[in-house]
Each structure stands twice: as structure tokens, then as C-alpha cells.
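Thank you all for coming. I would like to walk through one model this morning, beginning with the chain as a whole and then moving to particular strands, rings and side chains.

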Amino acid sequence: MPLSFSSRPLPVFGTRPRLLRRSRKEEIGEKTRLNPQDIGEAGGHLVTMEEGMGALKYSRTAYEEALDVLSSLIVSRRRCDKSGDRFELLFEYVKMLDLEESMSKMKVIHVAGTKGKGSTCTFTESILRKCGFHTGLFTSPHLIDVRERFRLDGIDISEEKFLAYFWWCYNRLKEKTSEDVPMPHLFRFLALLAFKIFADEQVDVAILEVGLGGTFDATNVVQAPIVCGIASLGYDHTELLGNTLGAIASEKAGIFKRGAPAFTVCQPDEAMHVLRDKASQLDVQLTVVPSLDPELLQGHKLGLEGEHQYLNARLAIALSSTWLHRTGHSNLSYKEQSGSLPEHFIEGLTTASFEGRAQIVPDRYNDIESPEDLVFYLDGAHSPESMVVCSSWFCAAIKHNQEGILDHQLDDTGTSSNKLLQGYDNDEARKKSVQVLLFNCMSVRDPQLLLQPLIKTCANNGVHFKKAVFVPNTSLFNKVGTHGLAEANGEVDLSWQFHVRRVWENIIQSEKGGDSQGIGAMVEEESEKPEVSGKSCENSAVFSSLPMAIKWLRDSVLQQNRSIRLQVLVTGSLHLVGDVLKLIK
């Protein structure tokens, strides 16, 4: 049953979601808002208007309590297994939540892939929102707040609505599950929560990003999508999906459904052969799309940085156009023979926003007037192929910065944007740019396969890191939300970070043409600093916590009287990227 809503005004509960841009809600009038009474009925918490500031404090506690309960659904670091971990249970959960009918009517766009699927979904949502549709977007993972996974009309779901939908779903499942049909684990619950949100919010289109694989992913409970997409494929999660591109492609193609057209980008031959074979078995029309011609943007730039995004953007155009055509809105779709993109397509592509992917954030901690002294270049790349893409983007971005063409500044919403420089002053022009790598990756991944292409690609572009810094993630795998942080003063196991550093040092030493000069006089030796763990190496360091590493970077700029400009590439893990954003924003 749908949750009830009231048009009665609400007090502000907790942190409001950032308003990234003018939403469709503002254009057509504010929709009815959640009644605090609904939260009480759903989760056992009654928050009234009369409680004033007490209600504000209590609401925050209620949100934290919900995140603690959500964390209880984490059963292990592993999200699923090759056998599907009783995938059929998802259909039971859908019945328990009375979602069968609404999901059968939901107009879904389903996207899988190794890299680029989140960006493709973001572009698609932005296009269709600019076309005037009420959109729902489900992506993973989140970087800072779990509410990022659920976007309505381009904005993270509000805390009030999240609480109401969360408790309704959790209590219903808690009541109906049993020993034979246990509570769903975290990602399955979040996918079910997304279906409930999108059903009750009556979105026109639901864009779903596959979490892992495809065949046994929780989002694949959808049986009749309007259209499917497969973004670029590569090697990732091989312990679950297989060690060959063919095996990985087979898992991704598991989202294909009879009667639903599918689109993909150019893939390696082995992967493409499997995709075509799977499509043929289901009579699915599979179309391969090329990269987007920048000329079609009529002088504008994509909202997401990086040359690789033109491939994701073209896939998003195909998905959006097909959805429009198949839902009776052909007049709004892109007609390739016309030779030009519709205005709302261009607006959607150029205003799309997706944090943690090719994102540039100047650090304003030391001096808000000179944020260029320490700039973080963040990208959650975590596969060999995406490392090449990430490294190419980083090299191009710092080249623009050094030439004084682009000044990356924060806009009013806290996201990075590009703005033409009027010109650096003399002091700025004399500063020496120094590149530093801030890195961590999951222990299931081979750091050699990630660091080797990163170093090689950067070296080929004339970029050599003066220092590589290795840190553990701050967020905990068994906690959801901003309160799930590791104890900074507790005992931290750094064996993995030391292993990754040894891999880095071995690669650097084997690179004949690489610049293995340390920062040297620019920074103090790490062994003299209590916050640095282990012996000092010329090219690298291990810090026991991320905050200590950030402090070291900030101190390094100050100690050199601002004579250097540190350009820090943060990569290897989306969790690391999220942790850095928490600290610097």
C-alpha cells in the first residue's frame, strides 16, 4: 500500500539534500511532502511540529538509528556468489512488499557493465528529466550518504522520505520473513527499497544501475524493462563473475529480456561474441553504438569530465531515445538522420552531475583565496581498463591547469566546475606543480594490475608522481552512513597498505625511464613524523589513517611557503574517494 503524504509544511529534519539545479518539481509546483506522522507509523518514532528544536535533534537520531538497522543487513564483505545466493527469494520479497503489480507497470531502463554504467545512467536520467519526465535513479555505491543511491528528479531522496520508506519496508519484511525465507542482505534490501520508492512516487521512468554482474543482481528481478544497456566491459570482480571476458560478458548479458531491445558500445571481440550470442538466444535486438561526436553538442561540454564519457553519453542517447519511442513519445526522441541532437538532449548531457567520477575539488582548508595550492583529482577507477582512462584524464586535466587555461573552482552547491581563467598572477605562475598519488584498493584486487597501467599511462604523458601515499579506507565495510567511520586512534592493520606500497616501489624501480625522485626538500622525511607508519621510502609512504594523510598534504603546502602546487590523484576505490570527499567537503 502507498505511504500517505500531507501538504502540511515540515520543519527541517537533519541535513537537507543539495539542490544541484532547478528541478522539475520547482517547474510544475512543489509536490506534497512527507507528514512526520508517517515516520512515526512506519518506524515507531513520533516526531511532531510542536517539539521544535527537540524534533530536529530527535530526527537526526532517528536517521542514525535507521542506518544502524540497515547495517545489520550486512552479512559479509561479499555481495553475492556465482550461484545467485538463492536469487529466487527476490520474487518472494517483492510479493511481501506488494510490489508485483506496480513493478510490472514500471517503465524501466536497466544498465549493466564493468565501467561507465553509473555515468550512462546519470546521463540517461538527466536527458529524460530535461524532457519533462518524473525520474527515479538507483545507483551504487554511495560515496557519503546512502540516500545518494535514490534520486528523484535528479535530487537525493530527502531524509524524511527515506525514513518513512525504509521503516515501512523493513518492518513489513521483518514481519513476513522466516528461517526459510530470511531477511534480504543489504544490497537486495536497497534494491527493493528503490522499487518501493519509485512505485509510490509514481515516477515516469526508473533507471536502474546493476550493482554487480547482471544475472543474479538484485535489480534483475525486473522482468519487463523497456530497454537495456551494456556499458564497457573489462576485468573486475573476477572471483565472482569469472576470469575471462567471455564469462564476464555472459553474466552482464543476464539482464537481457525477450522483447526488450538492448544497446552496447564497442567491446573486445571475446565479450562481443558472447553478448551477440545471448541476444540471439532471446531474440533481443542488440545494437552497437559509436562514441558521441562532440560536434553534436553545438559547442557545449559534457557535464561529466573525460574523453571516455563521450562513449557513455552516446549509449545514454540510444537508451533515452528508445525509451521515448517505446513509451509513445517519439516526438521527443533523437532521430539520427536529422543530424542534430534535440535541445533537451544537449541540456541533459551538459548538466549531468555524478560525484567521484573524474571530479576536481580544490582544497579550501588552508586558504580559501588560493585553493589551487592543493587540488584533489578524484576518480573511483578500480579495474585495469578504468585505470588507463583515469590516468589519461588526470594527465589532460593537470596539463590544462598548468597552462593556465582552466581554473577548477567550487560552485555554490559544492561540486567542481570549470571556468576560464583571466590569468594567473606572477606568484601563481612561478609555483612548481607536484603530482602525488593517494591510493587504496580492495584486497580481492591485484594492485599490480591497477598500478602498472596507471604508472605507464602517466609516464607516456610526461607525468611522474613524486610520491605515492597508501592509506586504509576510513569507512567501515560493516557500517552504512557517515557515522560508520573507523577509529582513528585504534589499532589499524596496515599489512595490505604495506603490500601495495611494495608493489608500487617494485614497479617504479623497474621503470627505466620513470622519474623516481622523491619530493625531497619540498617535504619533511616521513620517518620524523609520528603519523606516518613504517619506514620511509623515497617514492612512497603509508599512513595509518586518511585524516593524517590529508593533514600531511596540507602541511606540505604550508611548509614550502606556498612555493609548490600539489595535484593529488585519488583513485583505486570508490570508497576511498567517498572518504576523501567527506574530509575535504
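**The chain as a whole**

If we take the contacts in the chain between residues at least 6 apart in sequence, 77% of them join residues at least 24 apart. Please keep in mind that this is a predicted model, and that every value I quote is computed from it. The chain has 585 residues, of which 58% count as buried, and its secondary structure consists of 19 helices and 17 strands. Its accessible surface comes to about 24600 Å², and carbon and sulfur atoms account for 49% of that area.

Let me turn to the sheet. Eight strands form an open sheet with mixed pairing, and their order is β4-β3-β2-β5-β1-β6-β7-β8. Which strands are the edge strands? They are β4, residues 155–156, and β8, residues 286–289, each of which pairs on one side only. At the β8 end, strand β7, residues 262–265, runs parallel to β8 and is joined to it by four bridges, with Thr264 standing opposite Val288 in β8.

Now to β2, which covers residues 135–138. With strand β5, residues 205–209, β2 pairs in the parallel sense over four bridges, and there Thr135 stands opposite Val205. With β3, by contrast, β2 pairs in the antiparallel sense over three bridges, and Gly136 stands opposite Leu152. As a general reminder, strands of a sheet pair through backbone hydrogen bonds, either parallel or antiparallel. The side chains of β2 are also worth following in the viewer: Thr135 and Leu137 point one way, Gly136 and Phe138 point the other way, and all of them are buried.

Phe138 brings me to the aromatic rings. A search of the whole structure finds 20 aromatic pairs. One of them joins Phe138 and Phe187, whose ring centres are 5.9 Å apart and whose planes are at 35 degrees, so the pair is tilted. Because Phe138 lies in strand β2 and Phe187 in helix α8, residues 186–200, this pair ties together parts that are 49 residues apart in sequence. Phe138 and Phe187 are both buried.

A second pair, Phe439 with Phe470, is edge-to-face, with 6.2 Å from centre to centre and 80 degrees between the planes. This pair also links distant parts of the chain, since Phe439 belongs to strand β13, residues 432–439, and Phe470 to strand β14, residues 467–470, 31 residues apart. Are these two rings buried or exposed? Phe439 has a relative accessibility of 1% and so counts as buried, and Phe470, at a relative accessible area of 0%, is buried as well.

Going back to Phe138 and Phe187, ring pairs link them into a cluster that also includes Tyr63, Phe150, Phe162, Phe166, Trp167, Tyr170 and Phe189. Two charged side chains lie over ring faces elsewhere in the list: Lys196 is over the face of Trp168, at 3.8 Å from the ring centre, and Arg357 is over the face of Phe354, at 3.7 Å from the ring centre.

Arg357 comes up again when we look at Ser140, which lies in the loop between β2 and β3, the latter being residues 150–152. What does Ser140 touch, not counting residues up to four places away in sequence? The residues are Arg149, Phe187, Glu209, Gly211 and Arg357. Ser140 counts as buried because its relative accessibility is 5%. The C-alpha atoms of Ser140 and Ala191 are 9.9 Å apart in space, although the two residues are 51 apart in sequence.

Next, a helix. Helix α13, residues 343–351, has His344, Phe345, Ile346, Gly348 and Leu349 as buried residues. Their cover includes α6, residues 117–130, and α12, residues 309–326.

I will finish with the cysteines. How many disulfides are there? The count comes to zero, with the rule being a pair of cysteine sulfur atoms within 2.5 Å. Two cysteines can be placed by their accessibility: Cys121 is buried, with a relative accessible area of 0%, and Cys441 is buried too, with a relative accessible area of 4%.

Conventions. Residues numbered from 1 in each chain as written. Predicted model: local features only at pLDDT ≥ 70, side-chain atom pairs only at ≥ 80, totals over all residues. Heavy atoms only, no water. Buried < 20%, exposed > 50% of the residue type's maximum accessible area, 1.4 Å probe, protein only. Helix = DSSP H or I, 4+ residues; strand = E, 2+ residues; numbered from the N terminus. Contact = heavy atoms within 4.5 Å. Phe/Tyr/Trp six-rings, centres within 6.5 Å; stacked < 30°, edge-to-face > 60°. Lys NZ or Arg CZ within 6 Å of the ring centre and 35° of its normal. Pairing = 2+ DSSP bridges. Areas by Shrake-Rupley, 256 points an atom, 1.4 Å probe, with all protein chains shown as cover.
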